[in-house]
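Here are a few short exercises to try with the model open in your viewer. Work each one out before you read its solution.

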Amino acid sequence: MDAFVTRSLDEIRFWSRIMKEHALFLGLGFRAEDTQLIKEAKYFQGVFEDIERRSYDYTVETDPATIRQFNLEVQNAATNIWAFKRMVLGLILQCKLPGATNFPLLVDHISREANYFRNRLGELNSGTLEPLPDAIIDENVFFLRIMADHAKFIGHLLDPSERKLVEQAREFSHDFDKLVFQAIDLSSMRPQSQTVPLLSQFVDENKVSVESLRDFKKTARDLIEECRIKSIIHPLLADHVFREAERFLFILDMFDRSLSGHKVNKREILH
Ligand SMILES: [Fe+2]
Ligand SMILES: [Fe+2]
């Protein structure tokens with residue numbers, strides 16, 4: 001079994017579905033007359049649908065050289081959708097798409113996710129994945145901000161008459177903004193902050209908040225699915241942000257396990 005192949009396929013299967021859905025959301029947010037932009041969004045939907053399908057044709061037994069080539073191709077597609085998202089952001093911020101319904105922060109957010117995806121593929125191909133103490137901080141800085149954004153999107157896309165839920169979303173937004181700042185503080189205290197006790201407390205604390213946000217998203221997703229609440233949230237978007245929280249939790253669990261393996265020798269993590 002090849003860790004490079006397993007890891008590559010895992011990233012591609014998760015993120016290509018995400019990229020495909022971003023293209024769908026972008027397309028839905030354009031105005032009817034933006035036919036060229038709608039066409040381009042549809043094009044990316046097809047590109048990532050194809051990548052997602054092909055990723056399931058490969059297995060852990062596939063030749064690493066084949067996967068390396070596939071990674072390159074996907075990285076290129078991720079770069080292209082990233083550029084498209086940034087271009088759209090520019091149009092929105094210059095007020096060239098009045099009446100279009102994707103928030104600038106949402107477009108920036110999905111471009112950050114594309115950037116994360118292409119970086120990850122680059123790291124896998126060049127064999128330069130970060131050492132654990134750096135990965136713990138960087139992944140948290142990235143994902144906590146993603147979670148904070150999600151809470152904001154949910155809060156703004158729920159109908160204003162859903163006062164209780166809007167209030168809950170706002171609380172999550174505040175909670176995660178604070179966690180983002182804590183993560184940035186820990187980051188700026190590097191490398192001295194990278195001790196096992198500090199990192200494991202950091203991971204544990206974040207995990208508690210992400211679990212509770214994940215549960216909130218799951219509830220919202222189910223309520224939207226069953227048409228029990230008023231909102232302009234696409235059911236697929238509700239599921240999408242839920243899956244991203246699950247992804248973050250999966251990464252946090254991985255860090256938790258790696259850190260507990262290091263508990264015997266606390267200095268070991270400091271190279
Ligand atoms: Fe996303
Ligand atoms: Fe997201």
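The exercises below use a predicted model.

**Exercise 1.** Find out whether isoleucine 224 is buried or exposed, and which residues it is in contact with beyond its neighbours within four places in sequence.

*Solution.* Start with the element: isoleucine 224 belongs to helix H7, residues 196-225. Next, count neighbours: isoleucine 224 has 21 C-beta neighbours inside 10 Å. A residue with 20 or more is buried, so isoleucine 224 counts as buried. Finally, list the contacts: leaving aside neighbours within four places in sequence, they are Ile229, Ser231, Ile233, Pro235 and Ala238.

**Exercise 2.** Work out which elements give two or more residues to the largest nonpolar core.

*Solution.* Begin with the core itself, which has 35 residues, with Leu144, Met147, Ala151 and Phe176 making the most contacts inside it. Then map this core onto the elements: helix H5 (132-157), helix H6 (163-188), H7 and helix H8 (235-260) each give two or more residues. A second, separate core has 29 residues, among them Leu26 and Phe30.

**Exercise 3.** Compare cysteine 95 and cysteine 227 by phi, place and exposure.

*Solution.* First, phi is near 60 degrees, a positive value, in cysteine 95 and also in cysteine 227. Second, cysteine 95 sits in the loop between helix H3 (64-93) and helix H4 (104-126), while cysteine 227 sits in the loop between H7 and H8. Third, the cut-off for exposed is 12 or fewer neighbours. Cysteine 95 has 7 C-beta neighbours inside 10 Å, so it counts as exposed; cysteine 227 has 9 other C-beta atoms within 10 Å and is therefore exposed.

Key
Residues numbered from 1 in each chain as written. Chains lettered and ligands numbered in written order. Predicted model: local features only at pLDDT ≥ 70, side-chain atom pairs only at ≥ 80, totals over all residues. Helix = DSSP H or I, 4+ residues; strand = E, 2+ residues; numbered from the N terminus. Contact = placed C-beta atoms within 7 Å. Core = buried A, V, L, I, M, F, W, Y, C linked by C-beta atoms within 7 Å.
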